[in-house]
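This report describes a protein model for a reader who works at the bench and wants to know how its parts are held together. Please keep the sequence and the structure in view while reading.

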Amino acid sequence: MMRSLLVIALAMVLTACERQAEPTPDSPAETAISVEPDGDIGVQAKTQTDANATAGEIPARFHGIWDAIAGNCDASSDTRVEIAARRIEYFESVGEVSGMGSDGDDAIVDLVMEGEGETWVQPSRLSLEATSAGERLRITDATKPESSQGILRKRCAK
């Protein structure tokens, strides 16, 4: 048990160091705001994602309550997810942010999960997709290549 906790703690420290490394003069921080083809300033999500990653927080655009497309957004839904700046709550588990990064518009979140009497580290990719029915959230395993696997979730009313 103690050895497992030490391994988890070491993984968290190493991950946090990798995700929050200071930029070197050869690799400046990405802080530019993208410009759309029409000359308008694009969505500032990239800059916000970078700022949140530096602060170790999930970007605000992911915050809220989400449920599967067919879900009813009720607290008893087993596909419901609640996302805050430093925490993700699933139906039977809770994850505290231990590291943050980004991959394009996606947030890469290292979570120290706790649920059903167990503790584990879970690297997760948070992706938002625009659909004709509105914005959708997909949470996948960040250790695997980007994919369309994982439940597609709708944003629930507050």
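Which backbone oxygen does the side chain of arginine 136 reach? In this predicted model, the side chain of arginine 136 comes to 3.4 Å from the backbone oxygen of alanine 133.

**Overall picture**

The protein chain has 158 residues, of which 34% count as buried, and it contains 2 helices and 8 strands. Read from the N terminus, the order of the elements is α-α-β-β-β-β-β-β-β-β, and residues 24 or more positions apart supply 35% of the contacts in the chain that have a separation of 6 or more. Confidence should be kept in mind when reading what follows: the mean pLDDT of the protein chain is 76, with 65% of its residues reaching 70 or more. Over residues 1-53 the pLDDT stays under 50, and for this stretch the model has 47 contacts beyond four places in sequence.

**Arginine 136 and leucine 128**

Arginine 136 is placed in strand 7, which covers residues 134-141. Although arginine 136 is buried, it has no salt bridge, and the nearest side chain of opposite charge, that of glutamate 129, is 8.2 Å away. With a salt bridge requiring the charged atoms to lie within 4 Å, glutamate 129 at 8.2 Å does not serve as a partner for arginine 136. Leaving aside neighbours within four places in sequence, the contacts of arginine 136 include Trp66, Ile69, Ser127, Leu128 and Glu129, and also Thr131, Leu152, Arg153 and Lys154.

One of these contacts, leucine 128, lies in strand 6, which spans residues 118-131. Where neighbours up to four places away are not counted, leucine 128 touches Arg61, Phe62 and Trp66 as well as Glu135, Arg136 and Leu137. Leucine 128 and phenylalanine 62 are 66 residues apart in sequence, yet their C-alpha atoms are 7.8 Å apart in space.

**The disulfide**

How many disulfides does a search of the whole structure find? The search finds 1 disulfide, and this bond joins cysteine 73 to cysteine 156 with an S to S distance of 2.0 Å. The pair links distant parts of the chain, 83 residues apart, with cysteine 73 in the loop between strand 1 (64-68) and strand 2 (81-83) and cysteine 156 in the segment after strand 8 (152-155). The torsion about the S-S bond of cysteine 73 and cysteine 156 is about -80°, and the disulfide is therefore left-handed. As for the surroundings of the two residues, cysteine 73 counts as partly exposed because its relative accessibility is 22%, whereas cysteine 156, at 7% relative accessibility, counts as buried.

**Salt bridges**

Side chains of opposite charge can pair when their charged atoms come close. A search of the whole structure finds 7 salt bridges, and the table lists some of them with the distance between the closest N and O atoms.

| Acidic residue | Basic residue | Closest N and O atoms |
|---|---|---|
| Glutamate 96 | Arginine 87 | 2.3 Å |
| Aspartate 103 | Arginine 125 | 3.0 Å |
| Glutamate 135 | Arginine 155 | 3.4 Å |

Is arginine 125, in its salt bridge with aspartate 103, buried or exposed? Arginine 125 is buried, because its relative accessible area is 6%, while its partner aspartate 103 is partly exposed with a relative accessible area of 37%. Arginine 125 forms this salt bridge with aspartate 103, and since arginine 125 lies in strand 6 and aspartate 103 in strand 4 (residues 94-103), the pair ties together parts that are 22 residues apart in sequence.

Glutamate 135 counts as partly exposed at 39% relative accessibility, and arginine 155 counts as partly exposed at 36%. The salt bridge between glutamate 135 and arginine 155 runs from strand 7 to strand 8, so the pair ties together parts that are 20 residues apart in sequence.

Salt bridges that share partners also join Arg87, Glu89 and Glu96 into one network. Within this group, glutamate 96 is partly exposed with a relative accessible area of 34%, and arginine 87 counts as partly exposed at 32% relative accessibility.

Notes
Residues are numbered from 1 along each chain as its sequence is written. This is a predicted model: local features need pLDDT of at least 70, side-chain atom pairs count only at pLDDT 80 or more; totals for chains, interfaces and linings use all residues. Side-chain values use heavy atoms; hydrogens and water are left out. pLDDT is the predictor's confidence in each residue, from 0 to 100. Contact means heavy atoms within 4.5 Å. Helices (H or I, at least four residues) and strands (E, at least two) are DSSP runs, numbered from the N terminus. A disulfide is a pair of cysteine sulfur atoms within 2.5 Å. Buried means under 20% relative accessible area, exposed over 50%, partly exposed in between (1.4 Å probe, protein chains only). Lys and Arg count as positive and Asp and Glu as negative; His and the chain ends are not counted. A polar contact is a pair of N or O atoms within 3.5 Å; within protein, one must be able to donate a hydrogen and the other to accept it, and residues adjacent in sequence count only if both atoms are side-chain atoms.
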